[in-house]
Amino acid sequence: MYAEERQQEILRRAREAGRADVMALAEEFAVTTETIRRDLTALERAGVLRRVHGGAIPVERLGFEPALATRDEVMTAEKERIAKAALAELPEDGAVILDAGTTTARLVQILPPDRELTVIVNSPPLATALAVRPGLNVIMLGGRVRGRTLATVDDWALRPLADLHVDVAFMAANGCSVSKGLTTPDPAEASIKRAMIGAAQRSVLLADHTKFTNTYLARFATLSEIDLVISDTGLDAATAAEIAAAGPEVVRA
């Protein structure tokens, strides 16, 4: 097993059990405790685990939300595949919403240059990247900028969404499950996401497979309100089938 594969399995087990124990993991994976400690250190640097004596705890268990730059370094290949699959959902022309997030940022990077689109964003970095692209009419939702995610929130972002209608909303989420729906740690961001879905004729969730083991504080949608979920091949077939049974089509890129 490669180190990255082992680390993803350690993370999965830690989220299921609520913690990861160094000695137990070393025995299960038939490696040294030093190897497991290096794995936990790598996962902590990625912002998904927090080291404690004898092991580590998932950050969501601590109520901790990793910063944008930290999340951008995790699951990069998967996010790129998800973004490429999302290109099929772009209209030839019209209007789309791009939610703030690291996977939607990958979609921004590969938007085809021949589309004439109105693109509505609540992320200053995404707005800056899009504004220089020919053929795009970029609308930036105002409001308070959250330092951790660089997303605009509160009334100045919410009010315009009430009067907008777009073809597709490309959404991000911190967590997703059949029972709890789409969740995020911050209620203010949840309100914006809820309004984005309400403004869209079609809603597409872009989420790598690790998001389907998490549930956070604030729900902003049920799966029945989402038309399509695009994830990666790390999403197991049983979970994909459960998601599809709840309403949306599922694509594993």
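The crossing of helix 2 and helix 3 is right-handed, meaning that the near helix is turned clockwise from the far one, whereas anticlockwise by less than a right angle would be left-handed. The contact is made on one side by Val22, Met23, Leu25, Ala26 and Phe29 of helix 2, and on the other by Thr33, Ile36, Arg37 and Leu40 of helix 3, with contact taken as heavy atoms within 4.5 Å. By class, 7 of these residues are nonpolar, 1 is polar and 1 is charged.

Before I go on, please keep in mind that this is a predicted model, in which local features need pLDDT of at least 70 and side-chain atom pairs count only at pLDDT 80 or more, while totals for chains, interfaces and linings use all residues. Residues are numbered from 1 along each chain as its sequence is written, and side-chain values use heavy atoms, with hydrogens and water left out.

As for the geometry, the axes of helix 2 (residues 22–29) and helix 3 (residues 33–45) come within 9 Å and cross at roughly 110°. The two helices are therefore roughly perpendicular to each other, a label used for angles of 65 to 115 degrees.

Turning to the strands, strand 4 (residues 93–98) pairs with strand 5 in the parallel sense over 6 bridges, where pairing requires at least two DSSP bridges. Within this pairing, Val96 has Val119 of strand 5 as its bridge partner. Strand 5 (residues 116–121) is mostly covered, with 5 of its 6 residues buried, that is, under 20% relative accessible area with a 1.4 Å probe, counting protein chains only.

Finally, helix 6 (residues 102–109) has 7 of its 8 residues buried, so it is largely enclosed by the rest of the structure. Those buried residues are Thr102, Thr103, Thr104, Ala105, Arg106, Leu107 and Val108.

Terms used: Buried < 20%, exposed > 50% of the residue type's maximum accessible area, 1.4 Å probe, protein only. Helix = DSSP H or I, 4+ residues; strand = E, 2+ residues; numbered from the N terminus. Axes fitted to C-alpha atoms, helices over the stretch in contact; angles between N-to-C directions. Parallel < 35°, antiparallel > 145°, perpendicular 65-115°, else oblique. Nonpolar A, V, L, I, M, F, W, Y, C, P; charged D, E, K, R; others polar.
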